[in-house]
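Student: Could you walk me through how to read an interface between two chains, from the contacts down to single residues?
Tutor: Happily; let us look at the model together.

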Amino acid sequence: MASEKAEIDALKKECDGLRTQIEAARKAVNDGSMTGASGGVASVGRVQLKLRKTLKGHLAKIYAMHWATDSKQMVSASQDGKLLVWDTHTGNKLVAVPLKSAWVMSVAFAPSGNLVASGGLDNICTVYNIKAASPKTLRELDAHTGYLSCCRFLSDSEILTASGDTTCCLWDLETGKQKVVFTNHIGDCMSLALSPDMNTFISGACDSLAKLWDVRDGTCKQTFSGHTSDINAIAFFHSGNAIITGSDDCACKMYDLRSDQEVINYQDTSLNAGVTSLALSSSGRLIFAGYDDFNCHIWDSLKGEKVGVLSGHDNRVSCTGVPEDGLGVCTGSWDSFLKLWN
Amino acid sequence: MPVINVDELTDKDKAVMELNQRKLEVKLERWLTSKCCEEMKDYIQERVEEDTLVKGISEEKNPFKEKGGCIIC
């Protein structure tokens, strides 16, 4: 036992040495921040979006939503045990998918619009064909040993999942089997986001780290630290060169991939609530962050200032999303409603 | 591929995993943050004029507007 402890101490010492080297390398290239680069940029002023629609239909807390690539349909998941597919232009419900397990935490729309996936405390990611006469279960992806916190389709034949068992996984939907398992986090994985070119993805976890992974070979390429609590939300910047994270420590951060470090922090002393979700406007200038304080606060991504708020929910904002055409933003809440704003 | 159950990893396994990851990451080539931030700012500003949520949208073009007279909230 003593020699085992000595071995671990030696490993930790070597690890600390490398960590110091990495921090030094980051510091060496840190010759300017985002607020510095944006000094001359015009302010966006006060961003005041109007509530355009409230979508009513769920009977319990909404935990997740995801826009379809057509920017019109959207799927939401509630612990009332249903997925609802909405036409957001008319406000009509198009499809209702009854779930085997009501404890849903995540939902995703496939880029094709043919499939949706969901999962949660059942540890399973279930994929449904919603183009059939009535929604049909296509696959039940069952191998995670912890809850399913997030899922995202690459196509109709591949899906990525993040789990409370600390791993992420790439699945083949044709066989229903795992293709790649991504192991490196030491806390529950809470969220994931695919890069625009789909060659990499990022994960946020309860170990307060964000990690960048190669989708095909399973390796962790980069690790981003700085948060002091669980990272609940994560998004890729549209250029593919930066990521945004949202955490229980009440802050959002932008990390630049090529300089391998945090370049701006979005935090306000008056905001004492954890970040649950986030989404970017089409240019990336605005960050919509959902918080436990029942609001979605709007940040200027370049200047790091709070520029607006979406108020109207009567409970925690659990999910936020901007469609591909950038024409609006959707917020979903534990109050059971979804709201559309622009 | 087998699922690696993190509960079954020993402290030593976890230490080895972290060390191997750091060895990979220490080799990364890092760009100057000033250059990266400048590029990010340019990327955003090139697109901000077309960004509906920043610039606003006219009633006729708004796909989410309520059709009909009144909205009762």
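Tutor: Let us begin with one contact. In this predicted model, the side chains of A:Arg258 and B:Glu39 form a salt bridge, with N and O 2.9 Å apart.

Student: Which element of chain A gives the largest share of the side that touches chain B?

Tutor: That is helix 1 of chain A, residues 2-29, which supplies 13 residues of that side. By class, the side of chain A that touches chain B holds 31 nonpolar, 28 polar and 16 charged residues.

Student: How many residues are in contact between the two chains?

Tutor: A contact count asks which residues have heavy atoms within 4.5 Å of the partner. Here 75 residues of chain A are in contact with 50 residues of chain B. Buried area is a second way to read an interface, and here it comes to about 5500 Å², with carbon and sulfur atoms giving 65%. A:Arg52, A:Arg258 and A:Ser283 supply 12% of the area that chain A buries against chain B, more than any other three residues. One of them, A:Arg258, is the residue we met in the salt bridge with B:Glu39.

Student: How many salt bridges are there between chain A and chain B?

Tutor: The count between these chains is six, while a search of the whole structure finds 24 over all chains. Take A:Glu7 and B:Lys12, whose closest N and O atoms are 2.7 Å apart in a salt bridge. This pair crosses between chains, joining helix 1 of chain A to helix 1 of chain B. For polar contacts, 21 residue pairs are found across the interface, both residues at pLDDT 80 or more.

Student: How should I read a pocket, and which residues are closest to the centre of the second largest one?

Tutor: Start with the volume, then ask what lines it. The second largest pocket has about 380 Å³ of space. Its lining has 21 residues, and the closest to the centre are A:Arg19, A:Ile186, A:Leu209, B:Glu18 and B:Arg22. Helix 1 and strand 17 (220-224) of chain A, together with helix 1 (11-25) of chain B, each give two or more residues to this lining. Helix 1 of chain B gives the largest share, eight residues. Sorted by class, the lining has six nonpolar, four polar and eleven charged residues.

Student: What does A:His89 touch, and where is it found?

Tutor: A:His89 is in the loop between strand 4 (82-87) and strand 5 (92-98) of chain A. Leaving out residues up to four places away in sequence, A:His89 touches A:Lys53, A:Ser71, A:Lys72, B:Pro63, B:Phe64 and B:Lys67. A:His89 and A:Lys53 are 36 residues apart along the chain, and their C-alpha atoms are separated by 9.1 Å.

Terms used:
Residues numbered from 1 in each chain as written. Chains lettered and ligands numbered in written order. Predicted model: local features only at pLDDT ≥ 70, side-chain atom pairs only at ≥ 80, totals over all residues. Heavy atoms only, no water. Buried area = accessible area lost by both parts, 1.4 Å probe. Salt bridge = Lys/Arg side-chain N within 4 Å of Asp/Glu carboxyl O. Polar contact = N/O pair within 3.5 Å; in protein donor to acceptor, adjacent residues only side chain to side chain. Helix = DSSP H or I, 4+ residues; strand = E, 2+ residues; numbered from the N terminus. Nonpolar A, V, L, I, M, F, W, Y, C, P; charged D, E, K, R; others polar. 1 Å grid on protein atoms, 1.4 Å probe; cavity = no way out; pocket = protein on both sides within 12 Å on 5 of 7 lines; lining within 4 Å. Points joined across faces, edges and corners; volume = space filled by probe spheres on them.
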